[in-house]
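Reader: Please set out the structure shown below, beginning with the terms that the description requires.

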Amino acid sequence: MIYLDNNATTKVDDKVLEEMLPYLSNDYANPSSMYDFAKKPAEAVKKARVQVRDFLGAANEKEIYFTSCGSESANMAIKGVLNCNKEKKHIITTKVEHPCVLNTYKELEKRGYEVDYIGVNSTGELDINELKEKLRKDTALVSIMWANNETGVIYPVEEIAEIIKTRSNETMFFVDAVQAAGKIPINVKDTQIDLLGVSGHKFHAPKGVGVLYVKPSTRITPLINGGHQERGMRAGTENVPYIAGLGLAAEIAQNALDYELKEVKRLRDKLEEGILKNVFNARLNTSLHNRVPNTTNIGFEYVEGELILLHLSDLGICASSGSACTSGSLEPSHVLRAMGIPFTALHGSIRFSLSRFTTEKEIDYVIENMPSIMEKLTKISPFQDELEILRRR
Ligand code: PLP
């Protein structure tokens, strides 16, 4: 099996699993309990908070809150800050956010918020001038992702934070960093970002655990009310094994960042160049330079993405068309549509996302097999004349 769908989820690192196991067996105490038996789980949560602090470059571990996933972190940030600023009714995001932000904004729109959705260009990059134009005195919140899950394109969130704060200190800025964490350096204390969300299962921790960073003095209400856990900001008995796993995964990802930026990028570039060179109907659907090191998105003109995925799957290769949440429906990706990718490539676009566990042999195998898959699929395409023009190009 060749797993090239690491933006959907990642394999749990063996060392992370080992770190988690004691808290699923012998050390099962509730970390809030008073007896000695609870000390080890309580220590594990404390240690993980420090590991995540260092991973995100936060000034203090008190700025780190554990959640159940990236989607919860986004909901907590967005709804939590708006609850504290009920007079301002204007909010901004982009057209290419993950559904956890877009659908939250859609719900807020129904509740009377006025929303501006910023567009992107044909390589997936944001128009910062559009953002500058849309910022208003009554803008309560801006939410922009650090890296896009489908194209890998990186957004200049540090610069955006400065622009927002120069206009008004009262406008809050949430960054969905789920696809950036572990792929590029993050140092929140050097930025003006107020809130930032990440998700463990995108950097080799298990599914079902996430983080929300909240800058000190940010006014925010909890999403889940109940006990005193997470200093009253997120009720529910701590998921100790998953939090401990996420802590170690964060530390490992931090140490592996150089490898990610050089070696994972080299393999991604090799895969991309190999496909673009050998497959006549392939086109790049993303920015060439400004993106995370593990992701590429390639459009195969005049063929169906689902058919490509099935043929890849027959060879044991896992990739995806659109984000994992939307594949399964035949709706083309909202991200590629926002980029204006031509309809000829929209339905045949495939995302390949690597990880530090991807090998050169795996990449060579995909490069070797892609031309024959495409030969088969183009033969059954109804667009033979158009394909002939591409072949001669
Ligand atoms: N944000 C982005 C950019 C994502 O890619 C994802 C998941 O694919 C999420 C948020 C949601 O994370 P989770 O699955 O942990 O809720």
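Author: Helices (H or I, at least four residues) and strands (E, at least two) are DSSP runs, numbered from the N terminus. This is a predicted model, in which local features need pLDDT of at least 70, side-chain atom pairs count only at pLDDT 80 or more, and totals for chains, interfaces and linings use all residues. Residues are numbered from 1 along each chain as its sequence is written, and side-chain values use heavy atoms, with hydrogens and water left out.

Reader: In which loop is the place of Arg291?

Author: Strand β9 covers 282-284 and strand β10 covers 295-300. Arg291 belongs to the loop between β9 and β10.

Reader: Is Arg291 buried or exposed?

Author: Buried means under 20% relative accessible area, exposed over 50%, and partly exposed in between (1.4 Å probe, protein chains only). Because its relative accessible area is 6%, Arg291 is buried.

Reader: The backbone oxygen of which residue lies 2.6 Å from a polar atom of the Arg291 side chain?

Author: Contact means heavy atoms within 4.5 Å. Not counting residues up to four places away in sequence, Arg291 touches nine-strand neighbour Leu284 among others, including Glu272 and Thr296. The backbone oxygen at 2.6 Å from a polar atom of its side chain is that of Ser287.Reader: Which helix gives the most to the largest nonpolar core?

Author: A nonpolar core is a set of buried Ala, Val, Leu, Ile, Met, Phe, Trp, Tyr and Cys residues joined through side-chain atoms within 4.5 Å. Of its 65 residues, Leu56, Trp146, Phe173 and Leu196 touch the most other members. With 9 residues, the helix that gives the most to this core is α7 (residues 240-255).
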